[in-house]
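Let's take a walk through this structure together. Keep the 3D view open and turn it as you read.

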Amino acid sequence: MFADVVPYLRCPICADDLAVAEKALRCPAGHAFDIARQGYANLLTGKAHLGTADTPEMVAARADFLGGGHFAPLAELVAERAAALDPGEGCVLDAGAGTGHYLAAVLDRLPGRPGVALDISKHALRRAARAHPRIGALAWDVWRPLPVRTGAVAVLIDVFAPRSGTEFHRVLRPDGALIVVTPAPYHLGELIERLGLLSVDERKADRVADSVGERFAPTGAWSLDLPLSLTHADVASLVAMGPSARHTEPGILRERIAALAEPVKVTAAFEVRAFDVRPES
Ligand SMILES: C[S@@+](CC[C@H](N)C(=O)[O-])C[C@H]1O[C@@H](n2cnc3c(N)ncnc32)[C@H](O)[C@@H]1O
Ligand SMILES: [Zn+2]
């Protein structure tokens with residue numbers, strides 16, 4: 001797992017190579033990062049801002065919901081695009097990987113290739129570390145310079161997670177590809193009003209383009225609408241894994257979900273965008 005991944009990584013403190021030492025990743029200068037019992041390595045040094053990290057409850061809800069296969073066509077589409085755009089060499093990087101669900105689907109399509117899962121939530125990383133034998137899971141903050149070598153990444157996927165255009169550009173190979181997934185404006189539209197959820201920003205598409213900006217050239221965009229038929233328990237997991245989980249009082253939410261007619265008909269709607277790396281001007 002880490003043995004395959006370390007050639008693509010760099011020390012987050014001095015940017016030198018990392019190697020697997022006993023229960024740690026270590027650079028020649030002696031900076032060492034523990035590999036947790038649960039299989040992920042903690043590269044975060046100093047005070048991390050964990051405010052946006054998924055909580056244990058969010059991660060458990062995400063694992064339950066994704067495990068039910070409801071978003072399988074999205075994983076399939078991301079994996080298919082990744083395989084089509086893969087330059088044939090380099091690792092796959094998932095920024096804000098969560099449970100590693102999408103990275104595992106991509107690695108299944110790219111035999112023998114290593115995958116790096118970055119997330120700031122240790123609860124998510126415990127799952128990501130087990131999601132696929134070729135995943136190396138690292139605790140890291142995507143807003144900091146990535147602990148990944150320049151030009152090491154063949155395909156970088158970012159699924160509903162923070163995006164750092166400058167660093168994504170640095171770590172990608174010149175012939176690599178960036179794949180970004182965001183919710184479409186009408187994602188879960190049927191539930192937004194009835195459950196009082198946060199709605200998707202109408203300008204999300206512009207914001208994706210802004211965030212990756214002039215460093216990337218768009219090469220394709222695919223919309224995916226999934227009509228879902230859900231139980232109350234599925235709806236509860238779906239809400240609990242998303243941003244509304246932090247903003248809605250659990251008791252009120254439970255009552256509102258119980259009042260929905262079962263099965264609950266909902267449309268999940270996604271936008272998948274691919275980008276080529278532009279040469280540095
Ligand atoms: C909406 S979840 C998506 C997870 C996964 N990509 C998926 O779709 O299943 C966003 C993820 O980004 C992680 N995250 C949030 N802020 C982050 C940061 N600054 N650096 C790294 N990961 C971050 C959260 O912990 C969470 O796992
Ligand atoms: Zn170092």
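**Around ligand 1**

Let's begin at ligand 1: among the 19 residues around it, the ones that come nearest are Thr52, Gly96, Asp119, Asp141 and Val142. Keep in mind that you're looking at a predicted model.

Now zoom in on some polar contacts. In the side chain of Thr52, an N or O atom sits 2.7 Å from a nitrogen atom of ligand 1. Gly96 joins in through its backbone instead: a polar backbone atom there is 2.8 Å from a nitrogen atom of the ligand. Arg62 uses its side chain, where an N or O atom lies 3.2 Å from an oxygen atom of ligand 1.

Val142 gives us a way to step outwards. Which residues does Ser164 touch, if we skip those up to four places away in sequence? They are Val142, which we've just met among the residues nearest to ligand 1, and Trp143. You'll find Ser164 in the loop between β8 (153–159) and α6 (165–171). Is Ser164 buried or exposed? Its relative accessibility is 11%, so Ser164 counts as buried, the cut-off being under 20%.

Next, swing over to the zinc ion, ligand 2. Four residues coordinate this ion: Cys11, Cys14 and Cys27 through their SG atoms, and His31 through ND1, at 2.1 to 2.3 Å. Along the chain, the donors follow the spacing C-x2-C-x12-C-x3-H. Why is the arrangement tetrahedral? The four donor atoms around the zinc ion subtend angles of 100 to 115 degrees, and four donors count as tetrahedral if all angles lie between 85 and 135 degrees.

Two of these cysteines are worth a look for how covered they are. Cys11 has a relative accessible area of 1%, so this residue is buried. Cys14, at 36%, is partly exposed.

What does the record say about this stretch? An unreviewed UniProt entry annotates residues 10–44 as the domain "23S rRNA (guanine(745)-N(1))-methyltransferase N-terminal". Over those residues, the chain is 31% strand and 0% helix, and the C-alpha atoms at the two ends are 13 Å apart.

For our last stop, find helix α9, residues 232–240. Its buried residues are Asp234, Val235, Ser237, Leu238 and Val239. What do they pack against? Their partners include three helices, α2 (56–67), α7 (189–195) and α10 (250–258), along with the strands β10 (216–230) and β11 (264–277).

Note on methods
Residues are numbered from 1 along each chain as its sequence is written. Chains are lettered from A and ligands numbered from 1 in the order in which they are written. This is a predicted model: local features need pLDDT of at least 70, side-chain atom pairs count only at pLDDT 80 or more; totals for chains, interfaces and linings use all residues. Side-chain values use heavy atoms; hydrogens and water are left out. UniProt positions are given in the numbering used here, feature names are shortened, and annotations may be inferred rather than shown by experiment. Helices (H or I, at least four residues) and strands (E, at least two) are DSSP runs, numbered from the N terminus. Donors are N, O and S atoms within 2.8 Å of the metal (3.2 Å for Na, K and Ca); water is not among the atoms, so sites may look incomplete. Four donors count as tetrahedral if all angles lie between 85 and 135 degrees; four count as square planar and six as octahedral if opposite donors are over 155 degrees apart and all others between 65 and 115; anything else is irregular. Buried means under 20% relative accessible area, exposed over 50%, partly exposed in between (1.4 Å probe, protein chains only). Contact means heavy atoms within 4.5 Å. A residue is near a molecule or strand if one of its heavy atoms lies within 4 Å of it. A polar contact is a pair of N or O atoms within 3.5 Å; within protein, one must be able to donate a hydrogen and the other to accept it, and residues adjacent in sequence count only if both atoms are side-chain atoms.
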